[in-house]
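Subject: Structure handover

Hello,

Here is the structure I said I would pass on. My notes on what was found in it follow below.

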Amino acid sequence: MNMQSDFPAVPPPGCPAHGSGKRVPLYGTEFAADPGAYYTYMRSYGPTAPVELSPGVDATLVTDYSAALQLLQNPDTFRKDSRRWREYNEGKVSRDNPVVPLLEYRPNCMFTDGAEHMRLRQAVTDSLAQVDTHRLSRHVERVADYLMDQFLSRGSADLLNDYAKLLPLFVFNELFGCPAEIGDRVIFGISGIFDGINAEKANEVLGQSVGELVALKRKQPGDDVTSWLMQHHAQLNDEEMAHQLVLLLGSGAEPQRNLIANALLLLLSDERYAGAGLLVEDALDDVLWNSPPMANYAPHYPVTDVDFAGTRLRAGDLVMVSIAAANSDPALSASRQQLSKRAHLAWSAGPHACPAKDTAQLIGVVAIEKLLNKLPDIELAVPESSLTWRPGPFNRGLTALPARFTPIRTDKQPVTQQQIPTGDHRAHAQNKQEKGGLWSSFLSWWRQ
């Protein structure tokens, strides 16, 4: 991240806002290639900047660390309920816009306020607290073994698409008690929403699949987070159950994949990690500060017209926090060494701070240590400068992470997987339960 204090007066080269007075776009390959340059430019506006999340979707982005904390810790002025989103209510944002599935209202603890938020959040935190960390570690190791067995004999792998992307999805399917026929569609739905590929349909598939999971667990509760949520004294109804699951599965899997992949990139490319002094935990903290998995999110809406950080906001304006820009705020440069390692905003802050950060940290550490211990000579297969990042306003995620290592023979043969459908083949998968999907393949492998 660029930490300089002399901000350029013009947008970065290639930025459509250049010389036009338009909002700064947070989409496209130019932004993905060098978001730091965009954040540096946006600071010329002050603590907030006018941005466009996708064509036709305007927002105000908070880039200042202190202002971000002020927003996140002030639920009386800024609410999370996106039914307040004025431009969406006025029809200026179409429902099929690819960013809408991550912004539209759902009756879960992310998009509620006050007493309702506290009721739903307590159910989530209490249920997650029942997760046995030793059991979770063992399951992460088991999933890691399965995924590595698919590529060990090749001597090469795409550590993003072959490992970091799939591991959280498999882990969460187990934690939430997903049987194969539901878990395969959960994987499809989450991937589609965050990749922005037919996001509206993927959102529908995800909703249907978690609805089926809720119905199943009503009849056959188990030793899993879904059943614990259902049994909580908050007495969540079926709709609330489904939307808590969408939140937990989606907000867990996507940031987790980016956390693992971004940390692996750091460990394989940064000479500071070549010795024995720094640990995987240090790499994760480094990523959470400097390349946070969710770079721009935390949507909020002012209750009334308000002056905030030098900007006049109207009631119902979409206001978001740039976690990446706030973490790299030049005002922090002198004090970051004295700040707590966890003072970054990657887990958000205030009443809506992430309730699963300890779980996410554990999964990340175990997944990375397992891989590095198994493949001690692993290295990047391409120059770091040739890697590309996924476009989009919310995530900081690689498109691929090619690596090579000495091939290893395995006892278990790789399972022939039916991959997540893409392009024209998605429609077929949306209307048919795929018995040969990714989650099914893992369960088949484990039974060998």
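Lys 217 is a buried residue, since its relative accessibility is 8%. Its partner in a salt bridge is Asp 224, and the closest N and O atoms of the pair are 2.8 Å apart. Asp 224 is buried as well, at 4% relative accessibility. Before you go further, please keep in mind that this is a predicted model.

Overall make-up

The chain has 448 residues, and 56% of them are buried. It contains 17 helices and 11 strands. Of the contacts in the chain with a separation of 6 or more, 71% are between residues 24 or more positions apart.

Salt bridges

The structure has 22 salt bridges in total. The pair of Lys 217 and Asp 224 described above is one of them. Two further pairs and one network are set out here.

Glu 116 and Arg 119 are joined through their side chains, with an N to O distance of 2.9 Å. Both belong to helix α5, which covers residues 114–129. They are three residues apart in that helix, so about one helical turn separates them. In general, an α-helix has 3.6 residues a turn, so residues three or four places apart point the same way. Are the two residues of this pair buried or partly exposed? Glu 116 has a relative accessible area of 33% and is partly exposed. Arg 119 is also partly exposed, at 25% relative accessibility.

Asp 270 and Arg 272 form another salt bridge between side chains, at 2.8 Å from N to O. Asp 270 counts as partly exposed because its relative accessible area is 21%, and the cut-off for buried is under 20%. Arg 272 is partly exposed too, with a value of 44%.

There is also a network of salt bridges, which links Arg 86, Glu 90, Lys 92 and Asp 317.

A polar contact at Arg 185

Arg 185 is found in helix α9, which runs over residues 180–195. With 10% relative accessibility, Arg 185 is buried. Its side chain makes a polar contact of 2.8 Å with the side chain of Glu 212.

The largest pocket

What is the volume of the largest pocket? The computed value is about 570 Å³. Three elements each give two or more residues to the lining of this pocket: α2 (35–42), α12 (238–269) and α13 (280–290). The biggest share comes from α12, which supplies four residues.

The lining has 25 residues in total, and those nearest the centre of the pocket are Asn 290, Ser 291, Glu 384, Trp 389 and Arg 396. Sorted by class, the lining consists of 12 nonpolar, seven polar and six charged residues.

Helix α2, one of the elements named for the lining, is mostly covered, with seven of its eight residues buried. The buried ones are Pro 35, Gly 36, Tyr 38, Tyr 39, Thr 40, Tyr 41 and Met 42.

Where to start

If you want a short route through the model, begin with the buried pair, Lys 217 and Asp 224. Then turn to Glu 116 and Arg 119 in α5, and after that to the lining of the largest pocket, where Trp 389 is among the residues nearest the centre.

Regards

Definitions and conventions: Residues numbered from 1 in each chain as written. Predicted model: local features only at pLDDT ≥ 70, side-chain atom pairs only at ≥ 80, totals over all residues. Heavy atoms only, no water. Salt bridge = Lys/Arg side-chain N within 4 Å of Asp/Glu carboxyl O. Buried < 20%, exposed > 50% of the residue type's maximum accessible area, 1.4 Å probe, protein only. 1 Å grid on protein atoms, 1.4 Å probe; cavity = no way out; pocket = protein on both sides within 12 Å on 5 of 7 lines; lining within 4 Å. Points joined across faces, edges and corners; volume = space filled by probe spheres on them. Nonpolar A, V, L, I, M, F, W, Y, C, P; charged D, E, K, R; others polar. Polar contact = N/O pair within 3.5 Å; in protein donor to acceptor, adjacent residues only side chain to side chain. Contact = heavy atoms within 4.5 Å.
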